[in-house]
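Trainee: Got a minute to walk through a model with me? I'd like to go through it piece by piece.

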Amino acid sequence: MKLRIATPVALTAAIILAVSACGGGTSAQPSGDGKSFEFWSFTGIDQKSSVEDYQKKNPGVSVKLTEVGSSVETAQALTTALAGGKVPDLVLIQGDDLPKFVQQPQNFHDLRGLGADKIKGDYLDWVMSQSTAGTGEIIGIPTDVGGMAVAYRTDLFEKAGLPTGREEVGELWPTWDAFIETGKKYTAATGDAFVDNAGTSIFYQAVNQGPEKYYDPSGNVVYGTSPQVKTAFDLGLKAIQAGITAKQSSFTDGWSAGMGKDRFAVISAPSWMLGAIRSNAPGTKGKWDIATIPGGSGNWGGSYLAIPNGAANPKAAWDYITKTQSPQGQLEHFTDSGSLPTTPSVYQDPKLTGLKDPFFSDAPAGTIYTKSLLGLKPFRIGPDSSAIGQEFLNAITNVEQGKGDPAKAWETALANIKTAIGK
């Protein structure tokens with residue numbers, strides 16, 4: 001599920017207060033009748049379609065959906081709601097925000113009591129382990145993972161004299177250094193930017209490709225000493241220095257418009273990003289393709305459905321989870337929206353392996369994205385992973401926008417992270 005960049009603090013606070021004050025935006029509190037429940041989700045992921053499909057298949061059930069805001073805002077609103085006692089029946093939590101809630105399992109229904117023990121084997125072990133507390137409670141069921149690839153414009157590559165076939169394009173960049181060199185060739189040939197930005201399309205991808213990120217396997221904070229993090233950060237700065245980025249931060253208006261106006265030729269695209277490209281640039285159908293990510297594997301994104309303690313209709317919420325997040329439910333969602341299943345039993349299903357996406361030049365998206373997970377060595381996600389990543393991204397973006405000194409960017413990021421998380 002997509003990571004959403006946080007909005008200004010004042011706006012975030014206003015959203016949290018509004019949601020907690022009225023029990024979920026415009027939605028009324030659940031009636032406790034077992035046939036309706038309140039669901040908090042993110043904006044920008046078309047959760048409404050999933051809810052409507054569920055209601056069509058389950059007549060008489062009413063889902064009161066509130067799209068709270070970004071994933072960060074949703075997590076903050078949930079924190080406020082847990083403290084105040086007015087909670088939804090079901091909430092979507094982004095993977096980087098999950099650890100802080102796993103540390104307080106008493107705030108959630110232990111899903112083992114509803115049947116999670118019977119279905120936990122349906123999901124990737126390393127994904128399921130992230131929603132399991134140290135004392136064994138399961139607080140969330142995974143909805144998707146974000147296997148990684150690169151989306152690129154075949155027509156713009158052709159104009160630049162670069163190959164356009166997805167296999168040949170993937171061979172251009174076995175490493176991130178090779179990716180940047182390819183960008184230099186593209187920009188030299190066209191005078192245009194190669195990639196949308198250095199933060200999410202380079203740093204966020206590279207930092208998610210190794211065995212150790214911001215925490216070591218024991219849960220100790222290592223963001224300042226992890227070679228994986230420093231290498232990824234330096235790659236972002238190197239791309240900026242090479243002059244190959246469009247300086248369009250992900251999920252901004254300029255970034256959305258730039259997709260359809262040929263302002264960049266490449267976007268690093270975890271599986272959930274395909275939907276954003278389709279919706280932001282409908283006129284470019286057939287001009288995109290998908291190639292292997294530099295390094296071959298990695299994961300960015302993924303979310304979980306959880307049921308807070310105090311929910312009026314936990315059984316109704318659990319029914320939604322089991323029916324929409326079953327292996328077949330996740331497979332169906334993938335064919336509709338591109339969200340990559342967390343259920344490996346469907347990875348060889350013809351509906352996944354045989355899916356060709358016409359928007360992306362009939363690319364076999366299912367095969368490309370599941371392959372990107374096979375070589376992945378899972379890393380530990382900690383309670384402050386989201387905040388740490390945001391500060392690294394801020395530092396790179398400041399340099400890209402001409403507001404930061406590249407020579408001081410690393411130390412600036414470390415100082416801001418220490419201020420943000422206290423360590």
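Trainee: Which helix is threonine 324 found in?
Mentor: Threonine 324 sits in helix α14. Keep in mind that this is a predicted model.

Trainee: Okay, and is threonine 324 buried or exposed?
Mentor: Buried: its relative accessible area is 16%, and the cut-off for buried is under 20%.

Trainee: What lies 2.7 Å from a polar atom of the threonine 324 side chain?
Mentor: That would be the backbone oxygen of tyrosine 320.

Trainee: And which residues is threonine 324 in contact with, leaving aside neighbours within four places in sequence?
Mentor: Tyr54, Gly329 and Gln330. Tyr54 takes us to helix α2, residues 47–57, where it is one of the buried residues.

Trainee: Which others are buried in α2?
Mentor: Gln47, Ser50 and Val51, along with Tyr54. They span an arc of only 95° around the axis, so they end up on the same side of α2.

Trainee: What's exposed on the other side of α2?
Mentor: Lys48 and Lys56 are exposed there.

Trainee: What do the buried residues of α2 pack against?
Mentor: Three strands and two helices: β1 (36–42), β2 (62–69) and β3 (90–94), plus α14 (314–324) and α15 (327–337). So threonine 324's helix, α14, is among the packing partners of α2.

Trainee: Switching topic. How many residues are in the largest nonpolar core?
Mentor: It has 104, and Phe233, Met273 and Phe392 have the most contacts inside it. Helix α11, residues 227–242, gives the most to this core, with seven residues.

Trainee: Which residues does phenylalanine 392 touch, again leaving aside neighbours within four places in sequence?
Mentor: Phenylalanine 392 is in contact with Phe203, Tyr214, Tyr223, Val229, Phe233, Trp410, Ala413, Leu414 and Ile417. Phe233 is also one of the residues with the most contacts inside the core.
Mentor: Apart from that core lies another, of 24 residues, including Phe37, Tyr54, Ile307 and Ala317.

Trainee: Now the empty space. How many cavities of 30 Å³ or more are there?
Mentor: Two. The largest has a volume of about 210 Å³.

Trainee: What lines the largest cavity?
Mentor: 19 residues, with Asp96, Gln130, Asn299, Gly301 and Ile381 nearest its centre. The elements giving two or more residues to that lining are α6 (125–129), β4 (141–147) and β8 (299–306).

Trainee: Which element gives the most to that lining?
Mentor: β8, with five residues.

Notes
Residues are numbered from 1 along each chain as its sequence is written. This is a predicted model: local features need pLDDT of at least 70, side-chain atom pairs count only at pLDDT 80 or more; totals for chains, interfaces and linings use all residues. Side-chain values use heavy atoms; hydrogens and water are left out. Buried means under 20% relative accessible area, exposed over 50%, partly exposed in between (1.4 Å probe, protein chains only). Helices (H or I, at least four residues) and strands (E, at least two) are DSSP runs, numbered from the N terminus. The arc is that of the directions from the helix axis to the C-beta atoms. Contact means heavy atoms within 4.5 Å. A nonpolar core is a set of buried Ala, Val, Leu, Ile, Met, Phe, Trp, Tyr and Cys residues joined through side-chain atoms within 4.5 Å. A polar contact is a pair of N or O atoms within 3.5 Å; within protein, one must be able to donate a hydrogen and the other to accept it, and residues adjacent in sequence count only if both atoms are side-chain atoms. On a 1 Å grid over the protein atoms alone, a cavity is a set of points where a 1.4 Å probe fits but cannot get out, and a pocket is an open set with protein on both sides within 12 Å along at least five of seven lines; lining residues have an atom within 4 Å of a point. Grid points are joined across faces, edges and corners, and a volume is the space filled by probe spheres set on the points.
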